[in-house]
Amino acid sequence: MSTAILRTRDAWWAETPRGAVKINTTAQTTAGLLADRDAITAAGGPAVPPGDLDLLSPITAPCRVVAQAVNFRSHATDSGIDPDRVPAAFFRKTSGSISGPYADITKPAHVRFLDYEVEIGLVIGAEIPVGTTITAANIADYVAGLVLSNDVSARDLQLPKTQFFESKSYPTFTPAGPRLVLLGAAGLARFTDLRLQTWVNGKLRQDHTAADMIIGPVMALNILSTFQALSPGDLLLTGTPGGTALKAPPKPVELLAGLLPAHLKWKAFFGRQAANPDYLHHGDVVELQVATPDGTIDLGRQRTTVKEAS
């Protein structure tokens with residue numbers, strides 16, 4: 001059984017067959033709400049259509065935002081990496097990058113190559129101290145639910161600097177929601193059934209299930225907990241499938257580029273990328289969706305518009 005949670009500026013809501021009903025809680029944060037499960041269970045009263053609500057991200061800042069790098073086989077292939085040899089890798093994003101599911105994505109003026117990455121976020125529901133052992137049998141004790149996220153990326157900052165934090169941490173670079181779907185063990189066991197999709201201006205760009213994932217949630221949390229503590233309300237983004245704007249160059253081009261000094265290699269690479277029409281530009285509409293085929297687990301649909309920074 002699942003419960004879908006929505007958030008507006010002044011209230012938390014639970015989705016029911018009748019519509020969205022207010023949760024009677026004083027919680028101001030995702031962590032606070034997760035600690036008030038009785039209020040979620042008792043939610044009732046008048047219902048309103050969810051579409052009438054001005055929804056914010058159900059994940060509140062500050063919190064830890066951790067992400068897995070190159071964690072789908074299709075994305076590894078797109079990146080010119082052997083998916084059978086990809087190590088577990090994590091990076092951090094600032095929680096100041098979290099924005100709502102329908103808010104604009106602000107493209108900084110100095111960024112030329114802005115990319116999209118549909119991802120499933122694990123929302124932590126209990127303390128995970130360093131050294132915790134996560135298993136298929138106990139993961140539901142630590143993961144409260146799932147949320148749809150977009151790991152927006154400035155590729156021209158990410159690649160030459162060989163670091164992710166800056167390129168993925170600008171304000172609005174982590175749209176999250178519309179729903180936080182709370183799940184038990186049975187729901188989390190269906191994780192690989194979830195289908196991740198992205199459309200840009202109505203054109204389907206990404207379309208894979210989580211079965212394409214290289215390192216699943218149990219193993220990822222087990223590895224992460226060897227060095228990183230997590231707390232309720234924290235977010236782990238689990239990677240994106242193939243179909244992003246960024247693609248690896250053909251092998252002959254890559255081999256030739258390897259002979260160049262670094263600054264000339266990246267100048268040549270982004271010179272070629274300038275002809276790639278798939279990067280995001282002012283006015284582009286990005287839509288994301290994650291759900292199981294039968295709709296039993298539905299993280300909802302995002303719709304954001306790219307706007308150049310003024």
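Mentor: In this predicted model, a residue is called buried when its relative accessible area is under 20%, exposed when over 50%, and partly exposed in between. By that definition, the buried residues of helix 7 (residues 217-224) are Pro217, Ala220, Leu221 and Leu224.

Trainee: How do you know that the buried residues of helix 7 line one face of the helix?

Mentor: Seen down the axis of helix 7, they fall within an arc of 95 degrees, and therefore they line one face. An α-helix has 3.6 residues a turn, so residues three or four places apart point the same way. The buried residues of helix 7 pack against several elements, including strand 10 (118-124) and strand 11 (143-150).

Trainee: Why does lysine 107 count as buried or exposed?

Mentor: Its relative accessibility is 5%, and the limit for buried is under 20%; lysine 107 therefore counts as buried. Glutamate 308, at 36%, counts as partly exposed, because that value lies between the limits of 20% and 50%.

Trainee: What makes the contact of glutamate 308 and lysine 107 a salt bridge?

Mentor: Their side chains meet at 3.5 Å, N to O, and the definition asks for a Lys or Arg nitrogen within 4 Å of a carboxyl oxygen of Asp or Glu. The pair therefore qualifies as a salt bridge. Glutamate 308 lies in strand 18 (residues 298-308) and lysine 107 in strand 8, 201 residues apart.

Trainee: Why is one side of strand 8 left without a neighbour in the sheet?

Mentor: The open sheet has five strands in the order 8-18-17-14-15. Strand 8 (105-107) stands at an edge with a single partner strand, so one side has no neighbour in the sheet.

Conventions:
Residues numbered from 1 in each chain as written. Predicted model: local features only at pLDDT ≥ 70, side-chain atom pairs only at ≥ 80, totals over all residues. Heavy atoms only, no water. Buried < 20%, exposed > 50% of the residue type's maximum accessible area, 1.4 Å probe, protein only. Helix = DSSP H or I, 4+ residues; strand = E, 2+ residues; numbered from the N terminus. Arc of directions from axis to C-beta. Contact = heavy atoms within 4.5 Å. Pairing = 2+ DSSP bridges.
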